[in-house]
Structures are given as C-alpha cells and as structure tokens.
Amino acid sequence: GSSVGDEIRFGEMVAALSPELAADLLMVEPPFAAFTMTESGVTYGSQSVQPKSLPPGMSAMAERLAPARPLLRKARKRIDGLLRTTPVDTSASKGSNNWVIGPGLTTDGNALLANDPHLGLTTPSVFLPMEVDSKTSGSGSLHVAGGSIPAFPVMLLGHNEDIAWGATVVGYDLNEIYVEQINSAGTQVMFEGSWVDVTTRDVTVENFAGEQITRTLKWVPHHGPIIEEDLANNTALSVRWVPHDGLTEFEAFFALNKATSVQDVPTALAPLTAVDQNWVVIDRQGNIGWYPMGKVPNRPWASLMMPDLAPVPGDGTAEWDGFVDQADLPQMLNPPNQFIATANQDFTGCSEDGDPFNDGHPVLQY
C-alpha cells in the first residue's frame, strides 16, 4: 500500500501545531489493547511498555519540518485534488476484518473462516464472484472460486478444494517521503555530503477525455519522483515506494490458489511485494494460519525522534537498509487460543505504550 498522503498530512500538522497538541492528535497509542497476535496467545519478539509521556522527539521533529511546511501544504492539496477525481469515495476509511477459528472451538470439529473486506459499493464492483475450473471437465489442476477482479484469472479471496483464505489490509509502510535539499536550478540534490544530479523522465498518460498528456517528471535517482519543489527555498519532496522496483504479485496469487494446506501458504505468498494483507487461511485438516507477507523496508534509524510515518531528511540519514526477511515477519500457525482475528489494527502490540520503536524488532506498520 501507499501512505504518501497520510505522511504528508502528518508532517504538515507536526510543523503547524504545538508539540503537546501534535502528540495528542498524532500519537499511535491505541485507545484499547486489541492486538492480533496477543489475542491469539502469541508474542512477537519483546514487548516493552514504557510510561506514557510527551515524545521527546516531537519538538525536534516540528523544528525539522517547519521549513518544509509550505511545500507539505502544497503537496497535500495536490493529493486531495487527485483523490477527488477517483470514482471511489476515499473520504473515510472503510476498514475490513476477518476471522479464523480452529476445530477445537467449533461444534462440528472443522475450522471456520469469515472475511468482510468492507469496500464501498461501486458500479462496477471491485470484486466479482468467479470460478475457475480446469479439473472437472479437463486435465488441469486448478479449481477455485471466490472474488476476483476483471481479467485476473485467479481468486484474490476465496477457496479451492483444500484451503480457504481471506484478507484485510495490514498497513505496512511501503513508502518514504523525503525532504530534499535541492539547488536553485532544480537540477541537483544533496545526498551524503555531495550533490547528485536529478534525472528527468517523460511520462505519457491518458486523461478522462481520452487525450494523451505527456509530462516531464524529475526523479531523484536514489529515492524516486519529485512531487513538489520550492526552488526559492531550495526544498523539494520526493517519494520512494516499494513498487517502483517492480511487482511479482501474480506469482504469489497463482501459488496461493494452488496451495493444498495452510503450511504451503508462506512459500506461496513469498513473491508478494506491495499487496500487504492479513492473509488468514484454513484447510481441510483443521489447521488455521495468518501470514501478513510483503516486502517491508528495513529502517534501523526509525524512532520517535525520526518516525517513518512523517517526512524524513533526504540527506542520507534515513535510507532503507534492504528489506525485512519475510521469515522474520509476524505470522501464526495454529496459535494457542485457536482463533485469529484481524481488523486493520496493530498486530504485534508494539504501539501499546505509544512508542512502536522500542520493542527491539523491525518497524512494520504506519
């Protein structure tokens, strides 16, 4: 997913509000403890719960972002304008939820799965009920049914003859907003103490009237496209996003559709990059599992002083250090409490004390 708009709004508010008000409005501390893994009886790494107080970095973050406040406001207005042109109402979060229950908690001894994506009603619909069967009247090996999208030959949500699966949004932070120091000509940015040339790319898109529109975009080679710039104040905003490096989602969905047990699912979903979902799965043997797979940037620098949910310096002090190994991502197979429930919430419990960075494991969600 992309949290570009959220991070720009967060940065703008931090720059505009007092540290106390910004902390009160923007802290990630949840109103109550309802965490996916702990509710299922599993702990992910260490859990450090510190006394709640004003984050020590809020004042420093406000000071750091203050010069970029006009640019952040301009970027936020641009993104708000883009959202108004979409056919789907994005003015409020729809949320989603899913559950799986182990056979020890059901009357017939079978595992159960339920999934409600909570998507808005649109015409055409996001998901279409579909079935693909190459077995009943053919010699193939695929027989799946569920919800998919036009022209996609496998199910995003559904079941085959052995397993069933559902999905809700995880909320992995797959992008970074960088505040760049740019020269007055707009041709170079400062990175690790040296000036680096900005490149350009011509991009052609078709507008609503069917016209071909070509725009020349500026690109920071080590980050991504520049979305706003203020050359008078030598400041620009660039975006780095995981999908910029390419996607391999179809391979994951095809393997998921052919899986025959819950244990097959982690390997099947390994190619996922940016479709970050809480995949819950059950099989005929009564196994239940949860696998929020994805390509998550590793951010060793992230802290309350410089959180990844706000714009960060583009000078080289907040770079991605590869990606979190998928074997180290949270996941569960047949947890002790025999159920798994997700609803887009914090799944590890790292936000319970308002500081998701002090638990000794990678920062995952925004």
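This is a short talk on the fold of one protein and on three of its residues.

A word of caution before the numbers: the model is predicted.

Start with the whole chain. The protein has seven helices and 18 strands. Its radius of gyration is 22 Å, and the globule rule gives 21 Å for 366 residues, so the protein is as compact as a globular protein of that length. Now the extents. The C-alpha trace spans about 70 × 55 × 35 Å along the principal axes.

Next, packing. Of the 366 residues, 44% count as buried. Look at contacts between residues at least 6 apart in sequence. Of these, 66% join residues at least 24 apart.

Then the surface. The accessible area is about 17,600 Å². Carbon and sulfur atoms account for 56% of that.

Charge next. There are 20 positive side chains and 44 negative ones. The centres of the two sets lie 8 Å apart.

Now to single residues. Take Trp99 first. Trp99 sits in strand β1. What is its relative accessibility? The value for Trp99 is 40%, so this residue counts as partly exposed. Leave out the neighbours within four places in sequence. Trp99 then contacts Leu112, Leu113 and Ala114, and also Ile340 and Ala341. There is a long-range pairing to note here. Trp99 and Thr342 are 243 residues apart along the chain, yet their C-alpha atoms are separated by 6.5 Å.

Move along to Thr106. Thr106 is in the loop that runs between β1 (97-101) and β2 (112-116). Is Thr106 buried or exposed? Its relative accessibility is 14%, and the cut-off for buried is under 20%, so Thr106 counts as buried. Which backbone atoms lie by its side chain? One is the oxygen of Pro103, at 3.3 Å from a polar atom of the Thr106 side chain. Another is the nitrogen of Gly109, at 3.2 Å from a polar atom of that side chain. Setting aside neighbours within four places in sequence, Thr106 touches Ile101 and Leu112. Leu112 came up earlier, as a contact of Trp99.

Last residue: Ala66. Ala66 lies in the loop between α4 (58-65) and α5 (69-84). Its relative accessible area is 36%, so Ala66 is partly exposed. How far is Ala66 from Trp279 in space? The C-alpha to C-alpha distance is 40 Å, with the two positions 213 residues apart in sequence terms.

To recap the pairs: Trp99 and Thr342 have C-alpha atoms 6.5 Å apart, while Ala66 and Trp279 are at 40 Å.

Conventions: Residues are numbered from 1 along each chain as its sequence is written. This is a predicted model: local features need pLDDT of at least 70, side-chain atom pairs count only at pLDDT 80 or more; totals for chains, interfaces and linings use all residues. Side-chain values use heavy atoms; hydrogens and water are left out. Helices (H or I, at least four residues) and strands (E, at least two) are DSSP runs, numbered from the N terminus. The radius of gyration is taken over C-alpha atoms; the globule rule is 2.2 Å times the number of residues to the power 0.38. Buried means under 20% relative accessible area, exposed over 50%, partly exposed in between (1.4 Å probe, protein chains only). Contact means heavy atoms within 4.5 Å. Accessible areas come from the Shrake-Rupley method with a 1.4 Å probe; for residues, only the protein chains shown count as cover. Lys and Arg count as positive and Asp and Glu as negative; His and the chain ends are not counted. The place of a charge is taken as NZ of Lys, CZ of Arg, CG of Asp or CD of Glu. A polar contact is a pair of N or O atoms within 3.5 Å; within protein, one must be able to donate a hydrogen and the other to accept it, and residues adjacent in sequence count only if both atoms are side-chain atoms.
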